[in-house]
Amino acid sequence: MTATIQIEMIAAMTKGLQVIGSHGTIPWMLASDMVHFRDTTRGQIVVMGKRTWLSLPKRPLPNRLNIVITHHPEDIPEIAVSASSVIDAISIAQLAIIDDPEPKRKLMVIGGSEIYQAFMRHATVMHLTHINATVSGDTYFPTVDWDMWRKTDERGFEATPGTPKLDQYSFEICRYERV
Ligand SMILES: NC(=O)c1ccc[n+]([C@@H]2O[C@H](COP(=O)([O-])OP(=O)(O)OC[C@H]3O[C@@H](n4cnc5c(N)ncnc54)[C@H](OP(=O)(O)O)[C@@H]3O)[C@@H](O)[C@H]2O)c1
């Protein structure tokens, strides 16, 4: 028996250069975007590269099956599932949704750069946070062929400096569907 799983990508990046990371971490604090990430991926299957796995403050991400793509499966503890390639990760996710009582589970691609690039042709939806800031970094979201995508939703957020629920910069959260 085979199952077809919907593949969606979720990422936050600066406008312009599309910076997503710096020195193995995310170089901003956007509390509202973290809530969006949690709500969008909760209950789903998440797939990430090993460097993103290692960057998580708490591993695994709770209430989600965590798949980690690596050439070194021995590095991944049993609290997650290792995959040797993109196709392997998709197969694992498809197996996981067979007989699942919640039929709408998705495979959420959560980074980093190499993994977004590799999944770009498989994804049908992208949830992209566009940050109004110039931030230096060393990891970037891949180039997007915008002719292939149409925006279906956009929500704007103001910066909230000096508050406990800090949004360091203003940003927009957009949803795109493959045309
Ligand atoms: N802003 C955002 O939304 C966001 C989201 C996620 C991550 N980030 C940031 O992005 C950075 C990490 O991203 P990254 O691009 O450097 O690394 P990454 O994509 O998370 O991980 C790269 C690693 O994944 C494995 N890998 C990648 N492609 C593979 C393939 N085809 N087959 C087998 N293994 C493969 C390799 O691990 P092995 O060496 O073990 O083989 C590779 O070294 C961090 O700074 C993180 O904070 C930002």
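Two strands are taken to pair if DSSP finds at least two bridges between them. Strands (E, at least two residues) and helices (H or I, at least four) are DSSP runs, numbered from the N terminus. The model described here is predicted: local features need pLDDT of at least 70 and side-chain atom pairs count only at pLDDT 80 or more, while totals for chains, interfaces and linings use all residues. Residues are numbered from 1 along each chain as its sequence is written.

A good place to start is the sheet. It is open, has 8 strands in the order β5-β4-β3-β6-β1-β7-β10-β9, and shows mixed pairing. At its edges stand β5 (81-83) and β9 (149-157); each has a single partner strand, so one side of each is left without a neighbour in the sheet. On average, neighbouring strands are turned by 25° against each other, direction ignored (axes are lines fitted to C-alpha atoms, for helices over the stretch in contact, and angles run from 0 to 180 degrees between N-to-C directions). Within the sheet, β3 pairs with β4 (residues 65-69) in the parallel sense over 5 bridges, and isoleucine 67 in β4 is the bridge partner of valine 47.

Helix α1 (residues 31-41) packs on this sheet and touches β1, β3, β6 (106-109), β7 (125-131), β9 and β10 (171-178), where contact means C-beta atoms, placed from the backbone, within 7 Å. The direction of α1 makes about 175° with that of β1. Helix α3 (residues 86-97) lies across β3, β4, β5 and β6, at about 165° to β4.

The ligand, finally, is surrounded by 29 residues, the closest being Gly21, Gly49, His71, Gly111 and Gly112 (a residue is near if its C-beta atom, placed from the backbone, lies within 6 Å).

Notes: Two residues are in contact if their C-beta atoms, placed from the backbone, lie within 7 Å.
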